Structures are given as C-alpha cells and as structure tokens.
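This report covers a sheet, an aromatic pair and a pocket. The sequence and structure come next.

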Amino acid sequence: MNAYDEYMRGIVTPMREELTTAGFTELTTAEAVEDTLKDLEGSALIVINSVCGCAAGLARPAVREAVEQVKPDHLLTVFAGQDKEATEAMRAHFPEIPPSSPSIAIWNQGKLAYFVPREQIENFDKDHIKDHLVDVLTNVVGQ
C-alpha cells in the first residue's frame with residue numbers, strides 16, 4: 001500500500017463506519033453488488049458514499065436519522081472514489097442517472113424507485129434532506 005492509499009484509508013474509515021454502525025451493508029466489490037442486487041427482495045436504501053465534506057457530511061447523518069423513522073428492508077452502501085468497481089457496478093443498475101456522489105437511491109422490487117442526486121443534498125440542511133427521505137421512503141416502503 002502506498003502512502004496515499006494509507007492516508008485515504010485513515011480519512012474514509014470513519015465515513016464508512018458512520019453508515020456501517022447504523023446497519024448499512026458495505027459493498028466493496030462489483031461481485032458483491034451483483035450478488036446482493038440479483039436476488040434482493042423488497043426495498044433498499046442505497047447510499048453512494050463520498051469523501052466530499054459539504055454534501056456527504058450532510059447525507060450520512062440525514063440518512064441515519066431517516067431510516068430510524070422509516071426503515072426499508074435493506075440498507076446498502078458503496079463508496080465512490082474508494083471502491084471504484086463496486087460503485088460502477090451499482091451505478092450500472094440505474095444508467096439513466098448521471099454519476100453523482102454522494103447520492104441516495106431508493107430501490108424497490110428489483111428496480112430504482114427514486115434517486116436523490118448530490119444537487120439535492122448540498123446546500124440543504126440535514127433536516128430538509130432527512131424529511132425528504134422520510135417522505136420518499138414512506139411512499140415507497142409504505143410504513
């Protein structure tokens with residue numbers, strides 16, 4: 001491992017843990033993405049995590065709080081810029097959406113049901129993002 005990789009691992013570890021300790025399954029390879037999505041039943045909230053401080057620093061807490069109110073069947077995450085193959089594999093499941101990170105996908109019954117791009121995260125406050133997610137999850141998940 002080179003010095004840059006080691007440095008980045010130190011930076012992103014807490015960002016990964018912010019979601020995994022909240023119950024998210026981290027998918028770090030393309031194979032893990034494909035294996036997970038091919039037989040996934042029900043609903044999922046998928047976070048495309050990011051190092052970006054402005055938007056990702058809002059997205060992670062908003063997502064954690066939203067799923068405390070309305071919890072889909074599955075919580076999944078990939079990390080853009082870190083687990084590149086996994087992120088590409090995830091994005092391939094919604095090709096009509098331009099790459100955006102951080103971003104949040106709501107998956108239901110084997111397909112994309114809703115997508116929140118970075119533009120709907122940055123420059124909004126955490127509660128606005130959380131409330132938006134709760135509304136969407138309530139409509140999709142039905143809780």
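Where is S100 found? S100 is found in the loop between α4 and β4. The model is a predicted one, in which local features need pLDDT of at least 70, side-chain atom pairs count only at pLDDT 80 or more, and totals for chains, interfaces and linings use all residues. Residues are numbered from 1 along each chain as its sequence is written, and side-chain values use heavy atoms, with hydrogens and water left out. Helices (H or I, at least four residues) and strands (E, at least two) are DSSP runs, numbered from the N terminus.

**Residues S100 and T87**

S100 is buried because its relative accessible area is 7%; buried means under 20% relative accessible area, exposed over 50%, and partly exposed in between, with a 1.4 Å probe and protein chains only. Leaving out residues up to four places away in sequence, S100 touches I48, R91, F115, P117, R118 and E119. A contact here means heavy atoms within 4.5 Å.

T87 sits in helix α4, residues 84–91. T87 has 2% relative accessibility and therefore counts as buried. With residues up to four places away in sequence again not counted, T87 touches I48, V78, F79 and A80.

**The sheet**

The strands β1-β3-β2-β4-β5, in that order, form an open sheet of 5 strands with mixed pairing. Two strands pair if DSSP finds at least two bridges between them. β1 (25–26) and β5 are the edge strands, and each pairs on one side only.

Strand β4 pairs with strand β2 (residues 43–49) in the antiparallel sense over 6 bridges. The pairing of β4 with β5 is also antiparallel, over 5 bridges. The table lists residues of β4 with bridge partners.

| Residue in β4 | Partner |
|---|---|
| I104 | V47 |
| N108 | S43 |
| I104 | V116 in β5 |
| I106 | Y114 in β5 |

I104 thus appears twice, opposite V47 and with V116 of β5 as bridge partner.

How many of the residues of β4 are buried? The count is 6 of its 6 residues, and the strand is mostly covered. On one side S103, A105 and W107 are buried, and on the other I104, I106 and N108 are buried, which leaves both faces of β4 covered. The hairpin of β4 and β5 has 2 residues between the strands, and Q109 in this hairpin takes a positive phi near 50°.

**The aromatic pair**

A pair of aromatic rings is described by the distance of the centres and the angle of the planes. Rings of Phe, Tyr and Trp (its six-membered ring) pair if their centres lie within 6.5 Å; planes under 30 degrees apart count as stacked, over 60 as edge-to-face and the rest as tilted. By this rule there is 1 aromatic pair. F94 and F115 form that pair, which is tilted, at 5.5 Å centre to centre with 50° between the planes. F94 lies in the loop between α4 and β4 (103–108) and F115 in strand β5 (residues 111–116), so the pair ties together parts that are 21 residues apart in sequence. F94 and F115 are both buried.

**The largest pocket**

On a 1 Å grid over the protein atoms alone, a pocket is an open set of points where a 1.4 Å probe fits, with protein on both sides within 12 Å along at least five of seven lines; lining residues have an atom within 4 Å of a point. Grid points are joined across faces, edges and corners, and a volume is the space filled by probe spheres set on the points. The largest pocket holds about 200 Å³ of space. Its lining consists of Y4, D5, M8, R9, V12, T13, R16, G81, Q82 and K84.

Which helix gives the largest share of this lining? Helix α1 (residues 3–20) does, with 7 residues. By class, the lining has 3 nonpolar, 3 polar and 4 charged residues. Ala, Val, Leu, Ile, Met, Phe, Trp, Tyr, Cys and Pro count as nonpolar, Asp, Glu, Lys and Arg as charged, and the others, Gly among them, as polar.

D5, one of the lining residues, is in helix α1. D5 has a relative accessible area of 38% and is therefore partly exposed.

**Helix α5**

H132 is found in helix α5, residues 126–141. H132 touches Y114, V116 and Q120, not counting residues up to four places away in sequence.
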